[in-house]
Amino acid sequence: MLLAAYVGYVGLGAAVLRALERPVELQAAQHLLQERWELLANHTCPQPPALQRLVEGIIQAYKSGITLQGNTTSLGRWDYSRSFFFSISAITTIGYGNLSPSTAVGRIFCIVFALFGIPLNLVLLNETGQLMLLGVQHCAHHLEEVFHWQNKTFLMMKTCALVTGLFLSLLLPPLLFCDKEGWSCEEGFYYSFITLSTIGFGDHVIVMNPDHTCPSWYKNVISLWILFGMTWLALVIKLCINFLD
Amino acid sequence: QVLMEAWEKGVNPEGNSTNPSNWDFSNSFFFAGTVVTTIGYGNLSPSTVAGQIFCVFYALFGVPLNLAFLNQLGKGLNAHLLTLERWVQKPGRAQVQYQFMICFHYFKTMFPPLVFSYVEGWSYGEGFYFTFITLSTIGFGDYVVGTNPNKHYIPVYRSLTAIWIVFGLAWLALVFNVGANLMEKFLQLKWHKSDLSLAEGATTKLEDEPERPRIHIPS
């Protein structure tokens with residue numbers, strides 16, 4: 001039920017942001033195209049001030065997520081699936097930043113959305129973490145009954161679970177990214193860690209390349225990976241904190 | 001194309017000369033801070049493979065260190081609040097303390113954006129947006145302090161900002177803790193949790209949420 005609320009909340013955010021940002025994006029893209037054509041049409045050899053303006057214009061547009069490739073602009077930054085992904089990146093506090101609201105209303109909405117979304121996310125992570133621990137405990141008890149091992153089972157199970165988590169969250173996904181995103185394997189590993197720790201630089205982001213068409217299961221798998229990976233990493237960090245104390 | 005690549009590497013094509021290096025000591029210090037606090041703006045990020053690998057291991061130890069530090073800081077702030085409360089128990093002071101708390105919180109949220117918008121040339125709304133996005137550690141990176149090549153910043157500007165970020169993080173973590181607690185109560189999970197805690201038995205309980213250690217505020 002919590003999961004449903006969470007997904008619903010993220011979906012709501014995505015829809016609102018898309019409605020707010022898309023018209024502005026279209027406008028900005030058209031403006032940029034227009035400027036570019038004007039510049040090229042008027043000057044075969046652009047003067048420094050005009051060039052400077054164009055540079056600034058391109059940077060401005062790039063900051064707001066529009067890239068100029070060839071003759072057209074890449075639109076569709078704020079389509080539904082990317083807005084959804086953006087909402088997730090906001091409430092998990094990853095915050096890639098390759099996409100961010102540029103309208104004032106969008107920003108205010110983003111702030112309010114995050115103000116409620118972040119605690120919601122923390123609660124969800126907490127619950128998932130507890131479920132995971134419970135699962136590990138059940139396995140440990142089960143093993144104890146079956147094999148009649150003594151006290152060490154729980155510790156062993158915990159280490160086993162940790163290693164499995166490591167494998168699933170940090171070692172396996174980079175291979176997937178290598179294949180789908182065309183990154184090198186170190187970059188995949190780097191991206192996985194930076195995402196799961198919620199640092200989220202945004203220099204590498206998945207599903208943002210407009211040339212790629214990805215299978216529909218890809219995005220769902222990614223979302224699941226983010227959720228469980230973050231829970232696992234949070235548990236690991238909590239262990240480290242307990243160790244430091 | 002060239003512009004976009006340059007921008008991604010963190011080199012700002014605006015302006016005539018190359019800026020003071022992006023990776024000089026104070027900027028690197030700031031970057032390390034954004035890694036450890038998990039803000040992660042992203043306007044600057046390691047592009048060499050060695051740098052990226054180092055970043056991963058650095059964060060692996062830095063993030064728990066940061067959380068432990070914030071935990072201590074939160075406890076310290078809490079203790080401070082407690083002594084304040086006790087001081088206020090004496091009759092006639094309740095009013096003063098209440099006003100003081102309101103003032104303090106108001107000041108804490110409203111003042112920094114003013115400073116930023118003045119120094120950076122942003123509007124107040126943009127300053128507030130930056131403040132929130134930074135303190136919640138979302139850190140989009142569309143606004144970052146101290147990156148405008150046309151402005152001259154006093155050397156301690158970024159260090160002061162870093163100090164403000166640390167205290168602001170502890171404070172906002174408190175706020176989010178309270179929010180998460182309320183949300184749990186609202187979703188009636190505490191009731192559910194009591195069933196789970198019976199089932200857990202003698203093993204360690206995961207009392208606090210995994211990401212941020214819960215700082216219990218005595219009501």
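These legends walk through several close-up views of a predicted model.

**View 1. Helix 4 of chain A meets helix 5 of chain B.**
Here we look at residues 104-147 of chain A, which form helix 4, beside residues 124-135 of chain B, which form helix 5. The two axes come within 10 Å and cross at roughly 25°. Angles under 35 degrees count as roughly parallel, so helix 4 of chain A is roughly parallel to helix 5 of chain B. The crossing of these two helices is left-handed.

**View 2. The residues that make the helix contact.**
Moving in on the side chains, helix 4 of chain A contributes A:Arg107, A:Ile111, A:Ala114 and A:Leu115. From helix 5 of chain B come B:Glu126, B:Phe128, B:Tyr129 and B:Phe132. Sorted by class, this contact has 6 nonpolar residues and 2 charged ones, with no polar residues.

**View 3. A salt bridge between A:Arg107 and B:Glu126.**
How many salt bridges does a search of the whole structure find? Over all chains, there is 1. The side chains of A:Arg107 and B:Glu126 meet in a salt bridge, at 4.0 Å from N to O. This pair joins two chains, because A:Arg107 lies in helix 4 of chain A and B:Glu126 in helix 5 of chain B.

**View 4. Annotated transmembrane regions of chain A.**
An unreviewed UniProt entry lists residues 105-125, 159-177, 189-209 and 221-244 of chain A as "transmembrane region". In the model, residues 105-125 of chain A are 100% helix and 0% strand, and their end C-alpha atoms are 29 Å apart. Residues 159-177 of chain A are also 100% helix and 0% strand, with end C-alpha atoms 26 Å apart.

**View 5. Annotated transmembrane regions of chain B.**
For chain B, the unreviewed UniProt entry gives residues 49-70, 127-145 and 157-180 as "transmembrane region". Residues 49-70 of chain B are 100% helix and 0% strand, with their end C-alpha atoms 30 Å apart. Residues 127-145 of chain B are 47% helix and 0% strand, and here the end C-alpha atoms lie 10 Å apart.

Key
Residues are numbered from 1 along each chain as its sequence is written. Chains are lettered from A and ligands numbered from 1 in the order in which they are written. This is a predicted model: local features need pLDDT of at least 70, side-chain atom pairs count only at pLDDT 80 or more; totals for chains, interfaces and linings use all residues. Side-chain values use heavy atoms; hydrogens and water are left out. Axes are lines fitted to C-alpha atoms, for helices over the stretch in contact, and angles run from 0 to 180 degrees between N-to-C directions. Helices (H or I, at least four residues) and strands (E, at least two) are DSSP runs, numbered from the N terminus. Angles under 35 degrees count as roughly parallel, over 145 as roughly antiparallel, 65 to 115 as roughly perpendicular and the rest as oblique. A crossing is left-handed if the near helix is turned anticlockwise from the far one by less than a right angle, and right-handed if clockwise. Contact means heavy atoms within 4.5 Å. Ala, Val, Leu, Ile, Met, Phe, Trp, Tyr, Cys and Pro count as nonpolar, Asp, Glu, Lys and Arg as charged, and the others, Gly among them, as polar. UniProt positions are given in the numbering used here, feature names are shortened, and annotations may be inferred rather than shown by experiment.
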